[in-house]
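Visitor: Could you walk me through this structure? I'm new to this, so please take it step by step.
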Amino acid sequence: MIRAYGGTVHFCSRDRGIHGCIEESERLAAESGGFLPRQFSNPENVEAHEFGTAREILNQIPGGRVDAVVSGVGTGRTLVGLMRGCNSDRRVQRTFLARPVELHGKHEQECCSFSCRIPGVMECVSTLFRESDYLNLTTIEVSDDEALETTRELIRLGFPVGPSSGLNYRAAMIAADHISAAQIVTVLPDRLERYFSTDLFGPYSGAAAQ
């Protein structure tokens, strides 16, 4: 897709992980004088959700009431931004961190990702979010198999999303079991065409053919 729009793709070796990709982007930006958004450290990344996404949610959700926020963490921008934006007057009662876990065998890890089968959800990369800074945060663990199957269910329902969306949605359903009659906010942050070469479409393609 990037090449189709006229862009150039630079690859890093797998053993360098996401840190290697960040270092390479910094090197290329320095050489070319290019713009570097720095999504893992730019505070405007959080502010976009605090002053944009959160306000849109509060304007549309019934009664403007948010009982809980649920999200996985990559850059941390969504979770932190929604916590700040929806909690401006103490409306958010609970915050849940969605974490994918591997239950069946070991997979090659990408840097510090919890599960390499759920791309983009990881720890120790972002400076925008530190779990230790949020004492009232509740972690919900979702198996990567369950997150992927939930993603496939969303796709069949007409939502063209990727694995982190399935993780968030499933974690929100689990959070609903902890809070009765609650209005729970989560997001579907990705789209499916980025994941054609991943586990999402291996089993899914077979199931669709049957």
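**A chat about the surface and the core**

Guide: Let us begin on the surface, where Leu157, Phe159, Tyr169, Met173 and Leu188 form a nonpolar patch that together has about 470 Å² of accessible area. Please keep in mind throughout that this is a predicted model.

Visitor: Where does Phe159 lie?

Guide: Phenylalanine 159 is found in the loop between helix H4, residues 144-156, and helix H5, residues 163-178. With a relative accessible area of 41%, phenylalanine 159 is partly exposed, because that value falls between the 20% and 50% limits.

Visitor: Stepping back, how many helices and strands does the protein have?

Guide: The secondary structure comes to 6 helices and 4 strands, and from the N terminus on the elements run α-α-β-α-β-β-α-α-β-α.

Visitor: And what share of the residues is buried?

Guide: Of the 210 residues of the protein, 42% count as buried. The protein exposes about 12000 Å², and carbon and sulfur atoms supply 50% of that area.

Visitor: What about the largest nonpolar core, which residues have the most contacts inside it?

Guide: The largest nonpolar core has 21 residues, and those with the most contacts inside it are Phe96, Ile140, Val142 and Leu167. Strand E1 (68-71), strand E2 (94-101), strand E3 (137-143), H4 and H5 each supply at least two residues of this core, and H5 gives the most, with 5 residues. As a general point, nonpolar side chains tend to be buried together in soluble globular proteins.

Visitor: What does Leu167 touch?

Guide: Leaving aside residues up to four places away in sequence, leucine 167 touches Gly72, Ala98, Arg99, Pro100, Ile118, Val121, Val142 and Ala147. There is also a second, separate core of 19 residues, which includes Leu58, Ile61, Val66 and Met83.

Visitor: Okay, helix H3 next. Why is it described as largely enclosed?

Guide: Helix H3 covers residues 77-86, and 8 of its 10 residues are buried, so it is largely enclosed by the rest of the structure. The buried residues of H3 are Thr78, Leu79, Val80, Gly81, Leu82, Met83, Gly85 and Cys86.

Visitor: And what do those buried residues pack against?

Guide: The buried residues of H3 pack against helix H2 (43-60), E1, E2, E3 and strand E4 (184-185).

Visitor: Back to H5 for a moment: is Ser165 buried or exposed?

Guide: Serine 165, which has its place in helix H5, is buried, with a relative accessible area of 0%. Not counting residues up to four places away in sequence, serine 165 touches Leu154, Leu188, Pro189 and Asp190. Serine 165 and aspartate 190 are 25 residues apart in sequence, while their C-alpha atoms are 6.4 Å apart in space.

Visitor: Changing topic, how many salt bridges are there?

Guide: The count comes to 10 salt bridges. In one of them, arginine 170 pairs with glutamate 146, with the closest N and O atoms 2.6 Å apart. That pair links distant parts of the chain, since arginine 170 is in helix H5 and glutamate 146 is in helix H4, 24 residues apart. Arginine 170 is partly exposed, with a relative accessible area of 27%, and glutamate 146 is also partly exposed, at 29%.

Visitor: Which salt bridge has both partners in helix H4?

Guide: The side chains of arginine 152 and glutamate 149 meet in a salt bridge, at 3.3 Å from N to O. Both residues lie in helix H4, 3 residues apart, which is about one turn of the helix. Arginine 152 counts as buried because its relative accessibility of 7% is under 20%, whereas glutamate 149 is partly exposed, with a relative accessible area of 31%. Elsewhere, salt bridges that share partners join Glu24, Arg27 and Glu31 into one network.

Visitor: Last one: how many aromatic pairs are there, and why is the pair edge-to-face?

Guide: The structure holds 1 aromatic pair. The rings of phenylalanine 196 and phenylalanine 201 have their centres 5.0 Å apart and their planes at 65°, and planes over 60 degrees apart count as edge-to-face, so the pair is given that name. Phenylalanine 196 is exposed, with a relative accessible area of 53%, whereas phenylalanine 201 counts as buried, at 13% relative accessibility.

How values were computed:
Residues are numbered from 1 along each chain as its sequence is written. This is a predicted model: local features need pLDDT of at least 70, side-chain atom pairs count only at pLDDT 80 or more; totals for chains, interfaces and linings use all residues. Side-chain values use heavy atoms; hydrogens and water are left out. Patches are made of residues with over 30% relative accessible area and no salt bridge: like charges are joined within 9 Å, nonpolar side chains (Val, Leu, Ile, Met, Phe, Trp, Tyr) within 5 Å. Accessible areas come from the Shrake-Rupley method with a 1.4 Å probe; for residues, only the protein chains shown count as cover. A salt bridge is a side-chain nitrogen of Lys or Arg within 4 Å of a carboxyl oxygen of Asp or Glu. Buried means under 20% relative accessible area, exposed over 50%, partly exposed in between (1.4 Å probe, protein chains only). A nonpolar core is a set of buried Ala, Val, Leu, Ile, Met, Phe, Trp, Tyr and Cys residues joined through side-chain atoms within 4.5 Å. Contact means heavy atoms within 4.5 Å. Rings of Phe, Tyr and Trp (its six-membered ring) pair if their centres lie within 6.5 Å; planes under 30 degrees apart count as stacked, over 60 as edge-to-face and the rest as tilted.
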